[in-house]
Amino acid sequence: MNERLIITPLGPYIGAQVENIDLTRPLSDAQFEQFYHALLKHQVLFARNQPITPAQQRALAARFGDLHIHPVYPHAPDVEEIIVLDTHDDNPPDNDNWHTDVTFIETPPAIAVLASKHLPTTGGDTLWASGIAAYEALSEPFRQLLTGLQAEHDFTKSFQEFKYRKTPEEHQQWQKAKEKNPPLLHPVIRTHPVSGKQALFVNEGFTTRIVGLSEKESAAILNFLFNHVTKPEFQVRWRWQQDDIAIWDNRVTQHYANADYLPQRRIMHRATVLGDKPFYKG
Ligand code: SIN
């Protein structure tokens, strides 16, 4: 079989579609190398027609590194590394905000693998934004101001207590997760550990404040950055079809799941690959 992947960019800054690949089966070293190279360049890759099982998705994600087990999201039966995002009227989505996955831990995920399992007849698109493009669009004096600053990331900003009170077990699980994940700091500008590129690394989902600034200064700068990163120029938008897979570099991107499909149901499966401790290197 010809192992050359067909990579078609979906825009100048972020996103590409990959063809001539079967992600349900183990990738050869040559395919993996091409895929990873494309991922670093385009930051999020999409493939159509990949009817992947939870066990296959775990194996695919594990090719990139150790997997994270989410502290509160439900998982696929027998495959605890696969999060099930099953949203409908009785379980409305909580990811219709710009966020980078799981930045509330010391080593936030490097990569995530998302598979579409059940889609509404229309709507439910996901958008990704490039933190690299957002960083590069800032003026030099503003980049200098941000360089070296640290921001706080807090589990409870997105996972609020009131959402986890349906049963005593659910509430207990949330309390345990909160205790295990106290607020922590990451650099506001992060250097990609492989490409060396700089990227903006604050996100509306989890970032609460910039350390060392007054409350008003911190709020004003974070507000600006949260808005800045969502400029359409830095984005790609994916219209899901059944059995699509998206794989993104979580170190330098944020995403937003459009919540325009209720009362219809949408089911996605996600695997999340642990990364390294974010750092800045000038
Ligand atoms: C996520 O927020 O990680 C999943 C995005 C989606 O459901 O489209």
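**Exercise 1. The overall fold**

What share of the contacts in the chain with a separation of 6 or more comes from residues 24 or more positions apart? Work out the general build of the chain as well.

*Solution.* Before we start, note that this is a predicted model, where local features need pLDDT of at least 70 and side-chain atom pairs count only at pLDDT 80 or more, while totals for chains, interfaces and linings use all residues. Residues are numbered from 1 along each chain as its sequence is written, and side-chain values use heavy atoms, with hydrogens and water left out.

Step 1. Residues 24 or more positions apart supply 82% of those contacts. A contact here means heavy atoms within 4.5 Å.

Step 2. Now the secondary structure: the chain has seven helices and 16 strands. These are DSSP runs numbered from the N terminus, with helices being H or I of at least four residues and strands being E of at least two.

Step 3. On to size. The C-alpha atoms fit a box of roughly 55 × 45 × 35 Å along the principal axes. The radius of gyration is 18 Å, which agrees with the value near 19 Å for a compact globule of 282 residues. That radius is taken over C-alpha atoms, and the globule rule is 2.2 Å times the number of residues to the power 0.38.

Step 4. Finally, the surface. Of the 282 residues, 53% count as buried. Buried means under 20% relative accessible area, exposed means over 50%, and partly exposed is in between (1.4 Å probe, protein chains only). The chain exposes about 13200 Å², and carbon and sulfur atoms supply 51% of that. The areas come from the Shrake-Rupley method with a 1.4 Å probe, and for residues only the protein chains shown count as cover.

**Exercise 2. Pairs of opposite charge**

How many salt bridges does the structure hold? Follow three of them through the chain.

*Solution.* Side chains of opposite charge can pair when their charged atoms come close.

Step 1. The count is 14 salt bridges. To qualify, a side-chain nitrogen of Lys or Arg must be within 4 Å of a carboxyl oxygen of Asp or Glu.

Step 2. Take Asp86 and Arg265, whose side chains meet at 2.6 Å, N to O. This pair links distant parts of the chain: Asp86 is in strand β5 (residues 79-87) and Arg265 is in the loop between β15 and β16, 179 residues apart. Asp86 is buried at 19% relative accessibility, while Arg265 is partly exposed at 39%.

Step 3. Next, look at Lys277 and Glu106, whose closest N and O atoms are 3.0 Å apart. Lys277 sits in the segment after β16 and Glu106 in the loop between β5 and β6 (111-118), so this bridge ties together parts 171 residues apart in sequence. Lys277 is partly exposed at 46%, and Glu106 is partly exposed at 43%.

Step 4. Then there's Asp125 with Arg237, at 2.8 Å, N to O. Asp125 is in the loop between β6 and β7 (126-130) and Arg237 is in strand β13 (residues 235-238), so parts 112 residues apart in sequence are tied together. Asp125 is buried at 6%, whereas Arg237 is partly exposed at 40%. Bring in Arg239 too: Asp125, Arg237 and Arg239 are linked in a network of salt bridges.

**Exercise 3. Backbone oddities**

Which residues does a cis peptide bond join? Then look at two asparagines and their phi angles.

*Solution.*

Step 1. The cis bond joins Leu262 and Pro263, with omega about 10°. Pro263 lies in the loop between β15 (253-257) and β16 (266-273).

Step 2. Asn20 isn't a glycine, yet its phi is positive, about 60°. You'll find Asn20 in the loop between β2 (16-19) and α1 (29-42), partly exposed at 29% relative accessibility.

Step 3. Asn49 also has a positive phi of about 60° without being a glycine. Asn49 is in the loop between β3 (44-47) and α2 (54-62), and is exposed at 61%.

**Exercise 4. One threonine**

Is Thr253 buried or exposed? Describe its surroundings.

*Solution.*

Step 1. Thr253 belongs to strand β15 and is buried, with a relative accessible area of 1%.

Step 2. The side chain of Thr253 reaches the backbone oxygen of Asp249 at 2.7 Å.

Step 3. Leave aside neighbours within four places in sequence, and Thr253 is in contact with Ile14, Gln43, Thr100, Trp128, Ala129, Gly131 and Trp248.

How values were computed
A polar contact is a pair of N or O atoms within 3.5 Å; within protein, one must be able to donate a hydrogen and the other to accept it, and residues adjacent in sequence count only if both atoms are side-chain atoms.
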